[in-house]
Amino acid sequence: MKRIIASSFVFIISMVSAFFFEEYFRKLIRYFYTFSTDNNISFIGKNFHLFASNLFVIGSGLYCVLLFNIVK
């Protein structure tokens, strides 16, 4: 029972942190992509995302719960 409650808590905390970290993750991916192509690629247009990606937030939550259960 304690493990289920702790896993739920880890899932919620990791989803909230993933929600706030997503923009920095997008910038990091763009940086590595332009760095690896020697600036031969450029991103144009507005970088506007109203909401965080559901796949990224839920995936980060599930990854943290899985890692928490493996380590514990």
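**Helices and strands.** I looked up the secondary structure first and found 2 helices and 0 strands in the protein. I note here that the model is predicted. Helix α1 covers residues 2–36.

**Overall shape.** I checked the radius of gyration, which is 16 Å for the protein, against near 11 Å for a compact globule of 72 residues. I then took the box filled by the C-alpha atoms along the principal axes, and its sides are roughly 55 × 25 × 15 Å.

**Surface and burial.** I read off an accessible surface of about 6,200 Å² for the protein. Carbon and sulfur atoms account for 72% of that surface. Of the 72 residues, 18% are buried.

**Contacts along the chain.** I looked at contacts between residues at least 6 apart in sequence; 79% of these join residues at least 24 apart. I also picked one pair of positions, I5 and L67, which are 62 residues apart along the chain. Their C-alpha atoms are separated by 15 Å. I5 lies in helix α1, and I count I5 as exposed because its relative accessibility is 54%, above the 50% cut-off.

**Aromatic pairs.** I searched the whole structure for aromatic pairs and got 5. One of them is F19 with F20: the ring centres are 5.4 Å apart and the planes stand at 80°, so I enter the pair as edge-to-face. F19 is partly exposed at 43% relative accessibility, whereas F20 is exposed at 57%.

I next took Y31 and F35, whose ring centres lie 6.0 Å apart with planes at 20°, so this pair is stacked. Both residues sit in helix α1, 4 residues apart, which is about one turn of the helix. Y31 has a relative accessible area of 48% and is partly exposed; F35 has 55% and is exposed.

I also noted one aromatic cluster, formed by F21, F25 and F56.

**Nonpolar patch.** Which residues make the nonpolar surface patch? I list F21, Y24, F25, L28, I29, Y31, F32 and F35, with an area of about 850 Å². Several entries above meet here: Y31 and F35, the stacked pair, belong to the patch, and F21 and F25 of the aromatic cluster are in the patch too. I looked up one more patch member, Y24, which lies in helix α1. Y24 is exposed, with 55% relative accessibility.

Technical notes
Residues are numbered from 1 along each chain as its sequence is written. This is a predicted model: local features need pLDDT of at least 70, side-chain atom pairs count only at pLDDT 80 or more; totals for chains, interfaces and linings use all residues. Side-chain values use heavy atoms; hydrogens and water are left out. Rings of Phe, Tyr and Trp (its six-membered ring) pair if their centres lie within 6.5 Å; planes under 30 degrees apart count as stacked, over 60 as edge-to-face and the rest as tilted. Buried means under 20% relative accessible area, exposed over 50%, partly exposed in between (1.4 Å probe, protein chains only). Patches are made of residues with over 30% relative accessible area and no salt bridge: like charges are joined within 9 Å, nonpolar side chains (Val, Leu, Ile, Met, Phe, Trp, Tyr) within 5 Å. Accessible areas come from the Shrake-Rupley method with a 1.4 Å probe; for residues, only the protein chains shown count as cover. A salt bridge is a side-chain nitrogen of Lys or Arg within 4 Å of a carboxyl oxygen of Asp or Glu. The radius of gyration is taken over C-alpha atoms; the globule rule is 2.2 Å times the number of residues to the power 0.38. Contact means heavy atoms within 4.5 Å.
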